[in-house]
Amino acid sequence: MKIAIVGAGIIGVTTAWELVSEGHEVTVFERRGRRSQLRQRRRCRAGLRHAVGRTRHACQGAALAALLAWRLKLRWPLSSRDLGWMSRWQKACKLETYLANRARMQRLAFYSRTRLHEVTEARELSYERSDGYLVLLRSKREKKLIQPGLEVRRTAGSVFREVDADEARQIEPALNADTSLAGAIYLPEEEVANCRQFALLLKWEAEALGAQFHFNCDIAPLSRAAPTSLALASGSDALHFDAVIMCAGLASATLLRPLGLRIPIAPIYGHSVSAPVREPLNAPRSAIMDERYKVAISRLGQRVRVAGSAKIGGSLDAMNPAAVQTLYKVLHDWFPGAVTLQSGVQQWKDARPMLPDGPPVLGASGIPGVWLNLGHGSSGWALSCGSARVVADLVGGRDPGVDLEGLGVERLSL
Ligand SMILES: Cc1cc2nc3c(=O)[nH]c(=O)nc-3n(C[C@H](O)[C@H](O)[C@H](O)COP(=O)(O)OP(=O)(O)OC[C@H]3O[C@@H](n4cnc5c(N)ncnc54)[C@H](O)[C@@H]3O)c2cc1C
């Protein structure tokens, strides 16, 4: 089949690789230039290949309690899109809905991890990675609050251990002894890996198999008359394809709107800081998540990356100094002296393309020839390989290797 993919983020690249590996003729269109696309992919990821526990945006209890407990902050002005998103998000905050969505993401995350390992092994890809992930609990209250989430993990068959502070410090020996720690959840099978390096390697693999990547191509919204024909927003002759896969993150909603599809996707802004390791003995071995501040600290080769904050509203351009300060505070609390702040420090703000109930949308759009792989929110890297495999199977008319209940577009029209 002649297939077009819109968007060359991690989701577009993994999808391109799966499809070209099956012998399809694949063309990827990306509106950014080649270099800025690479920079963007590097920017905000903490590198965690771990989906659940990062689904802070749809959560238990009343929405207000959730706002406080999960540190999702509002930033004015809020657009009508943001307000609509929040109203749907509030509905998804019911405990049973939240737990069901967490379980769906967990399922996809497991599948994704298996697929990542298969692809890595088959193509002999080598990128920065490390095993194990600690969720740090500063107080007894946090230990109690995390229990419903652990129940979902248990049910889903996730491997984890509740450990005391001493054991946590053995797992991550550089943890600051002066910061109080009530305990931790240790996830030995979770991993940290360099999303940018993986995406670059897989793009090269896809190109070697014949996939074409076109940068600086801003695709116009799809047309109802010919949904599988693409033209540039600036005007161009339409190119015709047998299928179009929408992997354009946040922009997907605008691109799909003329087809009558309403995708309630909103940007949830986050910040990250990346700095060179100063003293390896003081740096994390793999990754931690500070449950109180919802800040992740991970080791990516010779750098430490700190990522966190979740804000709806405002704009991408304005960094939030308080959010960045929190990242430095948490880094200092747990790994003082790990990094050098004199040079080579990068600070970014980026948006998570988030659907109000949490999981992404995978599969048929309801419009013949148009397929969806979007809305991965906080977990695009963690869910990428599985999502791409699912979409490739569906496009090829095969049963995917994972249960897709609750991951289709039909749920969004409810
Ligand atoms: C602070 C922060 C930390 C994070 N940490 C993690 C983590 O540790 N683990 C994890 O799994 N996830 C993490 N994420 C989430 C992850 O970054 C996203 O889920 C992921 O980037 C989404 O990938 P995507 O390919 O769907 O979207 P994008 O990366 O946004 O890619 C979409 C692409 O489509 C292109 N595009 C848009 N419109 C058009 C058009 N009209 N024509 C052509 N191209 C177009 C865009 O330019 C873009 O390159 C984090 C996010 C943030 C903000």
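Here is a walk through this predicted model, from an open sheet to the ligand shell, the strands around it and the nonpolar core.

Let's start with the open sheet. Six strands make it up, and reading across you meet them in the order 8-2-1-11-18-17, with mixed pairing. The two edges are strand 8 (212–214) and strand 17 (361–364); each has a single partner strand, so one side of each has no neighbour in the sheet. Going from one strand to the next, the twist averages 20°.

Zoom in on the strand 8 edge. Strand 2, covering residues 25–29, pairs with strand 8 in the parallel sense, and three bridges hold that pairing. If you want a spot to click on, try Val28, which stands opposite Phe213 in strand 8. Now bring in helix 1 (residues 10–21), which packs on the sheet and touches strand 1 (2–6), strand 2, strand 11 (243–246) and strand 18 (370–374). The direction of helix 1 makes about 170° with that of strand 2.

A handy residue for seeing some of these contacts is Ala16. Leaving out residues up to four places away in sequence, Ala16 touches Ile5, Val26, Val28, Ala206 and Ala211. Ala16 also turns up in the largest nonpolar core, a set of 105 residues. Together with Ile5, Val6, Leu136, Met246, Ile297 and Val306, Ala16 is one of those touching the most other members. And which element gives the most to this core? That's helix 12, with nine residues.

Next up is the ligand. There are 40 residues around it, and the ones that come nearest are Gly7, Gly9, Gly249, Gly270 and Gly380. The elements giving two or more residues to this shell are helix 1, strand 12 (266–276), strand 16 (346–354) and helix 12 (380–395). Sorted by class, the shell has 20 nonpolar, 13 polar and seven charged residues.

Let's follow one of those glycines, Gly270, which is found in strand 12. Is Gly270 buried or exposed? The count of other C-beta atoms within 10 Å is 26, so Gly270 is buried, given that 20 or more is the cut-off. The rest of the strand tells a similar story: strand 12 is mostly covered, with 10 of its 11 residues buried.

Strand 12 pairs with strand 16 and with strand 15. With strand 16, the pairing is antiparallel and runs over nine bridges; Ile268, for instance, has Arg352 in strand 16 as its bridge partner. With strand 15 (residues 303–312), the pairing is antiparallel too, joined by eight bridges, and here Ser272 stands opposite Ala307.

One more set of pairings is worth a look, this time around strand 5 (residues 129–137). Strand 5 runs antiparallel to strand 7 (residues 183–193), and eight bridges join them. Asp131 has Glu191 in strand 7 as its bridge partner. Strand 5 also pairs with strand 13 (residues 287–290), but in the parallel sense, over four bridges. There, Val135 stands opposite Met289.

To get from strand 12 over to this last region, pick Gly270 and Ile288: they are 18 residues apart in sequence, and their C-alpha atoms are 17 Å apart in space.

How values were computed: Residues numbered from 1 in each chain as written. Predicted model: local features only at pLDDT ≥ 70, side-chain atom pairs only at ≥ 80, totals over all residues. Pairing = 2+ DSSP bridges. Axes fitted to C-alpha atoms, helices over the stretch in contact; angles between N-to-C directions. Contact = placed C-beta atoms within 7 Å. Near = placed C-beta within 6 Å. Nonpolar A, V, L, I, M, F, W, Y, C, P; charged D, E, K, R; others polar. Core = buried A, V, L, I, M, F, W, Y, C linked by C-beta atoms within 7 Å. Buried ≥ 20, exposed ≤ 12 C-beta atoms within 10 Å, placed from the backbone.
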